[in-house]
Amino acid sequence: MSDNPYLDSVPEELSKSDFVQQIKSTPDFAGVPMTNRIAKLGELFVPMDYMYMVYDLLLRAIRTTYLTITMLDTIRQIQGLRQESVASFATEAESGSILGVAGVGKSSTVRRCLSLIPQCVTHSEYNGKPFYKKQILHLFVECPSDCSVKTLAYSIIAAVDRAIGSEYFRFAAKQSRLSASALVTQVKIICLNHAVGVIVVDEIQNAIQTAVHNKQVRPLIKFLVELVNETCTSIYFIGTSEAEQLFCQQEHLQRRTRGLRLLPLRPDAGYRQFLEQIWQFQITETYMPLTDRVANLIYDHSGGIPSYIMQIFQQGQAQSIQAGREQMDEKLLKQGIELLNLSVPKKFPSGISLSDFTVSEVVSEPAALPEQPVQKEPQEVPRLYANPRGRKAVSRNNLDLIELWKRKQETEKIVQGMENLGLIERGLP
């Protein structure tokens with residue numbers, strides 16, 4: 001017991017093996033008609049090492065919230081918000097972001113990680129004394145495509161209602177003339193009332209794009225910063241790399257949005273292992289072997305993005321069934337790829353490939369993130385291919401200028417030699 005009912009409600013961290021067993025999902029085809037098995041393939045979820053690190057980050061964020069604020073602090077903070085004064089705290093809750101290429105599995109991973117943690121705990125007593133509180137350990141909020149500050153605030157209130165069955169949203173919606181700042185204050189009070197451990201804001205790039213379009217970037221930044229500081233609630237942002245530019249440009253957000261920057265799998269053993277795990281769930285009558293040629297074909301058209309790999313795998317089997325074939329083959333895979341019309345970016349923002357994550361069985365200390373370059377502005381890296389692209393290297397004569405440069409790398413001697421042979425002449429200074 002920690003003498004903190006909020007902190008005592010946080011479950012112990014699962015071991016990696018238990019975590020993998022609980023988040024993985026495999027389809028059961030028993031008794032399912034062949035035409036319906038394609039849809040059942042959507043249930044397939046293959047755990048990867050980076051997912052355990054996401055789970056560790058979220059669980060620590062919740063603990064940080066409850067280490068930061070006590071019951072008495074909550075009461076003081078609510079009173080301060082209602083009186084429009086600010087109560088001071090020695091520390092602030094944890095915040096960060098998980099950004100990456102669309103399709104690497106950020107949202108689905110976070111949802112599955114949060115499903116392993118109780119969302120709501122109803123207290124009636126603590127240490128033998130009455131204590132009535134509906135504590136919310138986590139909220140998952142998705143930004144719609146036209147997300148403004150008010151829309152985001154309403155989304156958080158609606159998420160609270162879904163978690164505990166309250167009617168905050170109905171009361172807030174009745175106040176049609178409620179200003180954005182007043183609505184934000186209500187969000188803060190609600191978070192404090194229910195001791196919200198962590199708020200995960202998904203598709204944060206939608207809120208940023210709307211703010212930039214409406215020239216409301218400063219109010220958005222102010223809301224996000226205040227939500228962390230004044231409620232002592234941890235907050236994590238999930239989205240694509242489009243959000244990185246604003247995060248890097250704004251000093252208020254830069255240190256509060258550090259975290260994972262995820263890139264697709266590389267064409268290596270990690271990719272092959274992922275492909276082998278899904279390959280065993282073929283629904284055709286005859287099993288198609290996974291060859292290097294097939295693996296390279298799928299990689300070159302998916303770019304190593306897990307959701308694209310799954311779509312190609314599903315569509316290839318769909319083509320086999322429609323053609324009345326007993327076995328999937330390379331030609332049917334190509335037909336499926338053409339139908340999907342996948343568009344993989346030629347360049348990705350810098351970050352960490354899913355292939356780079358390795359997490360040990362037991363995490364006794366905060367999981368260390370793989371090294372990422374510290375940079376003011378997002379950089380870009382070219383996408384990878386399994387089969388080399390471009391023209392083959394041309395063999396050159398030893399007297400070729402490029403070969404001479406490679407061997408000597410002495411510009412003046414090369415220029416002098418060419419001048420002696422009358423191949424060049426120096427201009428007047």
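What follows is a walk through this structure, from the overall fold down to a handful of single residues.

Keep in mind from the start that you're looking at a predicted model. The protein has 429 residues, and 47% of them count as buried. Its secondary structure comes to 19 helices and 10 strands. The chain also reaches far along its own sequence for its contacts: take the contacts between residues at least 6 apart in sequence, and 77% of them join residues at least 24 apart.

Let's go to the inside next. In soluble globular proteins, nonpolar side chains tend to be buried together. Here, the largest nonpolar core holds 74 residues. If you want to find its best-connected members, look up Val110, Leu275, Ile278, Trp279, Ile298 and Leu333, which have the most contacts inside it. Which helix gives the most to this core? That's α4, residues 49-68, with 12 residues. Val110 is a handy place to zoom in: leaving out residues up to four places away in sequence, Val110 touches Val54, Leu58, Ile98, Phe140, Val200 and Ile238. There's also another core, lying apart from the largest one, with 44 residues. Ile136, Val160, Cys191 and Val201 are among the residues of that other core.

Leu333, one of the residues with the most contacts in the largest core, leads us to helix α17, which spans residues 330-340. In α17, Leu332, Leu333, Gly336 and Ile337 are buried. They all sit on the same side of α17, because the arc they cover around the axis is only 145°. What do these buried residues pack against? Their partners are α14 (269-279), α15 (292-302) and α16 (306-322). Flip the helix over in your viewer and the face turned away from the buried side carries exposed residues, namely Lys331, Glu338 and Leu339. A leucine is part of that exposed set, alongside a lysine and a glutamate.

Now for a pair of helices. The axes of α9 (residues 180-193) and α11 (residues 217-231) come within 10 Å and cross at roughly 35°. The crossing of α9 past α11 is right-handed. On the α9 side, the contact is made by Val184, Val187, Lys188, Cys191 and Leu192, while α11 puts in Phe223, Glu226, Leu227, Glu230 and Thr231. Sorted by class, that gives 6 nonpolar, 1 polar and 3 charged residues. Cys191 turns up twice in this tour, as part of the contact with α11 and as a member of the 44-residue core.

Follow the chain on from α9 and you reach Gly197, in the loop between α9 and β5. Is Gly197 buried or exposed? Its relative accessibility is 0%, so Gly197 counts as buried. Setting aside residues up to four places away in sequence, Gly197 touches Ala61, Ile62, Thr65, Tyr66, Ile136, Leu137, Thr233 and Ser234. Gly197 and Gln135 are 62 residues apart in sequence, yet their C-alpha atoms are 8.4 Å apart in space.

Met48 is another buried loop residue, found between α3 (34-40) and α4. Its relative accessibility is 14%, and the cut-off for buried is under 20%, so Met48 makes it into that class. Beyond residues up to four places away in sequence, Met48 touches Leu265, Phe274, Pro306 and Leu354. From Met48 to Lys24 is 24 residues in sequence and 9.6 Å in space, C-alpha to C-alpha.

Asn206, in helix α10, is buried too, because its relative accessible area is 14%. Apart from neighbours within four places in sequence, Asn206 is in contact with Cys143, Pro144, Ser145 and Cys147.

Finally, if you like checking backbone torsions, two residues deserve a stop. Asn127 has a phi near 55°, a positive value in a residue other than glycine. You'll find Asn127 in the loop between β2 (120-126) and β3 (129-136), and its relative accessibility of 47% makes it partly exposed. Glu203 also isn't a glycine, and its phi is positive at about 55°. Glu203 is in the loop between β5 (198-202) and α10 (204-213). With a relative accessible area of 24%, Glu203 counts as partly exposed.

Definitions and conventions
Residues are numbered from 1 along each chain as its sequence is written. This is a predicted model: local features need pLDDT of at least 70, side-chain atom pairs count only at pLDDT 80 or more; totals for chains, interfaces and linings use all residues. Side-chain values use heavy atoms; hydrogens and water are left out. Helices (H or I, at least four residues) and strands (E, at least two) are DSSP runs, numbered from the N terminus. Buried means under 20% relative accessible area, exposed over 50%, partly exposed in between (1.4 Å probe, protein chains only). Axes are lines fitted to C-alpha atoms, for helices over the stretch in contact, and angles run from 0 to 180 degrees between N-to-C directions. A crossing is left-handed if the near helix is turned anticlockwise from the far one by less than a right angle, and right-handed if clockwise. Contact means heavy atoms within 4.5 Å. Ala, Val, Leu, Ile, Met, Phe, Trp, Tyr, Cys and Pro count as nonpolar, Asp, Glu, Lys and Arg as charged, and the others, Gly among them, as polar. A nonpolar core is a set of buried Ala, Val, Leu, Ile, Met, Phe, Trp, Tyr and Cys residues joined through side-chain atoms within 4.5 Å. The arc is that of the directions from the helix axis to the C-beta atoms.
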